[in-house]
Each structure stands twice: as C-alpha cells, then as structure tokens.
Amino acid sequence: MRILAALAVIFCILAVYVFFWLGRVFAFWGISFNRKSVRIARAALTVVIAALSCGFLSMPGIVALHMLGTCAALEGIGWLLCKLPVFQTQGALKWVRRICQSGVAGIFIALLIVGYGYYNMNHIVCTEYFVTTEKPMRKGGYRIAVVSDTHFGSIQDKKLLREGIAEISAQRPDFVILAGDIVEEGTSLKELREAFKLLGGIDNQYGVYYVYGNHDRQPYTNSRTFTNEQLERAITENGIEILMNGFVSINDEILLAGRDDGAWGNVRKRPSAAETLAGADTEKFIIMADHQPVEIEENIACGVDLQVSGHTHGGQIWPVGLFTEWAGRYNYGRYKKEGFDLIVSSGYAGWKYPMRTGKHCEFVMVMVGE
C-alpha cells in the first residue's frame with residue numbers, strides 16, 4: 001500500500017508539471033485551446049506521459065523521465081537567461097524561448113542522452129588500479145582480473161563477453177575473481193552454461209574464483225530458468241572455484257577469501273568476516289571478494305588488505321551514483337582507509353535498462369605488489 005501511495009503522489013506531481021508544460025509548448029506553437037480536440041489531446045498526453053514516467057523500471061519510463069527532466073532543466077535555464085541584462089533585447093529573448101521553451105530542444109537532447117547511454121552500455125573498457133603493500137610478496141607482484149555484473153543474456157549483446165575474454169586474457173592475469181551477478185533472472189540455462197564456459201577459459205596462472213551475487217540464483221522471479229544445482233555445476237565444470245564463506249591460498253603469498261552475497265536471504269545469517277577468515281595468516285596479503293561493498297569496518301578489523309566488489313553498476317543511470325555517494329555509501333572506484341583498499345567495479349554490463357549514463361562498462365585489473 002505504501003508503494004502504491006508513493007506512486008500515486010509521484011504521478012500527481014508529474015501530471016501537474018506535464019499538464020502545464022504541454023500548455024506552454026502548445027501555446028508556443030500557436031495551438032489554440034479553444035478546440036475541444038486540443039484540450040482532450042492535452043489531457044490524454046498528460047496521463048500517458050505521467051504514467052510512463054512512473055514506470056521507471058521500464059525502458060519507456062526511463063526515456064520519458066529523461067525527456068521531462070531535460071525539458072524542465074531547459075525551461076529553468078531559459079527563465080534564468082531571460083532575467084540577465086544581456087538577453088533583454090527582443091531578438092535574444094526570442095531565441096531563448098525557441099530553444100528552451102519550445103519542447104523540441106529538450107526532447108532532442110533527451111534522445112541524444114539515451115543514444116549515448118546505449119553506446120556506453122555496449123562499450124567495455126579496462127580500468128587499472130595499483131595497490132601497494134608492505135607484506136612479503138614476490139618481485140613484480142600479482143595481476144588480478146576482476147569481472148562482475150555481466151548479467152549475461154539480458155540487456156547487453158552477448159558477443160561483447162565473447163570478444164572480451166581474449167582482451168582479458170591478453171592482460172595476463174595471475175588469477176581471476178568473478179565478483180557476482182554473472183547471470184540473472186533473464187538468463188536462460190543455455191546462456192548460463194555459455195557464460196561460465198567463457199569465463200572459465202580466461203588465461204591465468206592460479207585459477208578463476210567466484211562469489212555469488214544477489215541475482216545469480218534468480219531470487220527475484222517465480223519462473224526460474226535453472227536450478228541452484230545447475231548453476232553450481234556450470235561453474236565448477238568449467239574449472240571455476242566457488243568461494244563460499246572461506247578462503248584459499250594463492251602461491252602461499254595471498255589469501256583470497258569470498259563471502260556469500262549479503263542480500264541472499266538474511267545478511268545476518270551468513271558467516272561473519274571473522275568466521276570466514278578463521279585460521280587465516282594475517283601476515284599474508286588478504287583479499288576479500290564480496291559482491292556488495294558492505295561491512296568494510298568488519299573486514300578492516302579482520303586484517304583484510306583489499307576488498308573487491310561490484311553490484312552498484314556505478315549508478316548506471318545518472319544521477320543515481322551521486323545520490324549513493326551523498327548518502328555515504330560506496331558507489332564506484334577506489335576507497336582507502338587505514339591501510340585498507342576497497343575497489344568497487346561498475347561492472348561489465350548493467351541491469352534492467354540497455355543503457356548506461358552513469359560511469360562505463362568495465363573489467364578491472366588490479367596490480368598488487370610492494
């Protein structure tokens with residue numbers, strides 16, 4: 001009921017803005033409201049646009065929100081410009097109104113933003129981080145590839161992962177961390193098997209390791225396309241080791257730990273970081289792989305040197321990432337604290353929408369050494 005009430009309030013707010021915005025646009029283009037058909041069209045468009053905008057979990061809803069947001073921003077800019085002395089001539093005011101109040105510019109800019117977002121979702125970059133340590137480590141250190149949030153088979157062209165495997169292998173990683181959400185509710189059983197076959201084929205020296213994300217086991221649907229057993233089999237049959245609240249030793253110099261995702265069931269039911277690292281030699285460099293960038297203080301207290309996470313998608317749709325940062329949560333990039341490093345990847349793909357206007361799609365290469 002609370003969600004429905006909130007949506008009703010949002011719909012009313014949007015409808016009021018859309019109604020008056022359409023009035024200004026119609027007036028600008030000389031469309032008279034004396035005709036009944038025009039008034040009906042205005043009311044119908046108001047309902048349709050406001051309703052679409054409330055459906056922000058759909059692509060049409062996102063497009064509608066971008067259109068309204070861009071038009072509102074341009075109207076605000078136009079109002080401010082008209083207050084400046086330099087724009088007080090009749091010709092200047094005319095051009096300001098044409099650009100900012102006609103509706104055309106706002107819609108055009110919104111379409112450009114959506115087009116950029118689609119391009120950005122289908123363009124993968126390699127992001128590098130260099131982490132130093134005083135703990136004993138071989139000369140030259142280690143190169144670690146981190147891949148998260150491929151959401152394979154959903155919103156991104158599958159050829160991008162197929163082509164990306166060669167690029168990741170060319171980076172010559174010593175080992176690979178798959179940081180969750182490799183598959184999701186929209187992934188078929190065939191695509192599940194393909195995803196882990198591809199990722200298990202990355203060239204490396206010490207292995208490919210995986211932690212569950214909040215989507216991998218398809219908890220948000222009643223129409224699952226694969227079982228937990230099929231998921232686990234697809235992972236392990238391709239030589240990938242699942243880190244489920246435990247750790248492994250890499251070349252007797254690095255301890256790589258992994259935790260089950262905090263959103264799967266109750267976060268309080270999963271073993272703590274201390275339980276996960278029970279018996280670990282804190283004299284060695286410790287990496288914690290956790291899909292979500294959470295429980296940082298607990299990891300620091302347990303002697304973790306580096307945590308790698310995904311999940312946030314770097315905000316994916318601007319300005320979500322800004323709100324995340326303002327709320328004091330970890331969104332994207334590298335965070336340092338008390339000799340501890342947290343690296344949050346924006347992910348290889350994204351979720352729900354085939355566009356990304358916040359950050360980029362990436363795989364991460366972490367260089368660890370003295």
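**Exercise 1. Cysteines**

Determine whether C71 counts as buried or exposed.

Solution. Residues are numbered from 1 along each chain as its sequence is written, and side-chain values use heavy atoms, without hydrogens and water. The model is predicted: local features need pLDDT of at least 70 and side-chain atom pairs pLDDT 80 or more, while totals for chains, interfaces and linings use all residues.

Step 1. The classes rest on relative accessible area with a 1.4 Å probe and protein chains only: buried is under 20%, exposed is over 50%, and partly exposed lies in between.
Step 2. C71 has a relative accessibility of 2% and therefore counts as buried.
Step 3. C12, by contrast, has a relative accessible area of 46%, which means that C12 is partly exposed.

How many disulfides does the structure contain?

Step 4. A disulfide requires a pair of cysteine sulfur atoms within 2.5 Å. By this rule the count is 0.
Step 5. For C12, the closest cysteine sulfur belongs to C54 and is 8.7 Å away, so the separation is too far for a bond.

**Exercise 2. The sheet**

State the strand order of the open sheet and identify the edge strands.

Solution. Step 1. Strands (E, at least two residues) and helices (H or I, at least four) are DSSP runs, numbered from the N terminus. Two strands pair if DSSP finds at least two bridges between them.
Step 2. The open sheet has 6 strands in the order β1-β12-β2-β3-β4-β5, and its pairing is mixed.
Step 3. β1 (124-132) and β5 (240-242) pair on one side only and are the edge strands.
Step 4. On average, neighbouring strands of this sheet are turned by 25° against each other, direction ignored. Axes are lines fitted to C-alpha atoms, for helices over the stretch in contact, and angles between N-to-C directions run from 0 to 180 degrees.

Which bridges connect β12 and β2 with their neighbours?

Step 5. Strands of a sheet pair through backbone hydrogen bonds, either parallel or antiparallel.
Step 6. β1 and β12 (residues 361-369) run parallel and are joined by 9 bridges. In this pairing, C126 has F363 as its bridge partner, and F130 has M367.
Step 7. β2 and β12 run antiparallel, with 5 bridges. Here I144 is bridged to V366, and A145 stands opposite M365.
Step 8. β2 and β3 are parallel and share 4 bridges; on this side A145 stands opposite V176.

Establish how far β12 and β2 are covered.

Step 9. In a regular strand the side chains alternate between the two faces of the sheet.
Step 10. In β12, 9 of the 9 residues are buried. One side carries C361, F363, M365, M367 and G369, the other E362, V364, V366 and V368, and both faces are covered.
Step 11. In β2, 5 of the 6 residues are buried, so the strand is largely enclosed by the rest of the structure.

**Exercise 3. Helices on the sheet**

Describe how α7 and α8 are placed against the sheet.

Solution. Step 1. Helix α7 (residues 189-200) lies across β2 (142-147), β3 (175-178), β4 (208-210) and β5, at about 110° to β5.
Step 2. Helix α8 (residues 228-236) packs on the sheet and touches β4 and β5, its direction making about 135° with that of β5.

**Exercise 4. Aromatic rings**

What geometry does the pair of F175 and Y209 have?

Solution. Step 1. Rings of Phe, Tyr and Trp (its six-membered ring) pair if their centres lie within 6.5 Å; planes under 30 degrees apart are stacked, over 60 edge-to-face, and the rest tilted. The structure holds 9 such pairs.
Step 2. F175 and Y209 are 6.5 Å apart centre to centre, with 80° between the planes, an edge-to-face pair.
Step 3. The two rings link distant parts of the chain, β3 and β4, 34 residues apart. Both F175 and Y209 are buried.

Analyse the pair of F323 and W326.

Step 4. This pair is tilted, at 5.6 Å centre to centre and 55° between the planes.
Step 5. Both residues lie in helix α11 (residues 320-326), 3 residues apart, so about one helical turn separates them. W326 has 64% relative accessibility and therefore counts as exposed.

**Exercise 5. The surroundings of D290**

Locate D290 and list its contacts.

Solution. Step 1. D290 is in the loop between β8 (285-289) and α10 (296-301).
Step 2. With 0% relative accessibility, D290 counts as buried.
Step 3. Contact means heavy atoms within 4.5 Å. Leaving aside neighbours within four places in sequence, D290 contacts R259, D260, R270, Q307, V308, S309 and G310.
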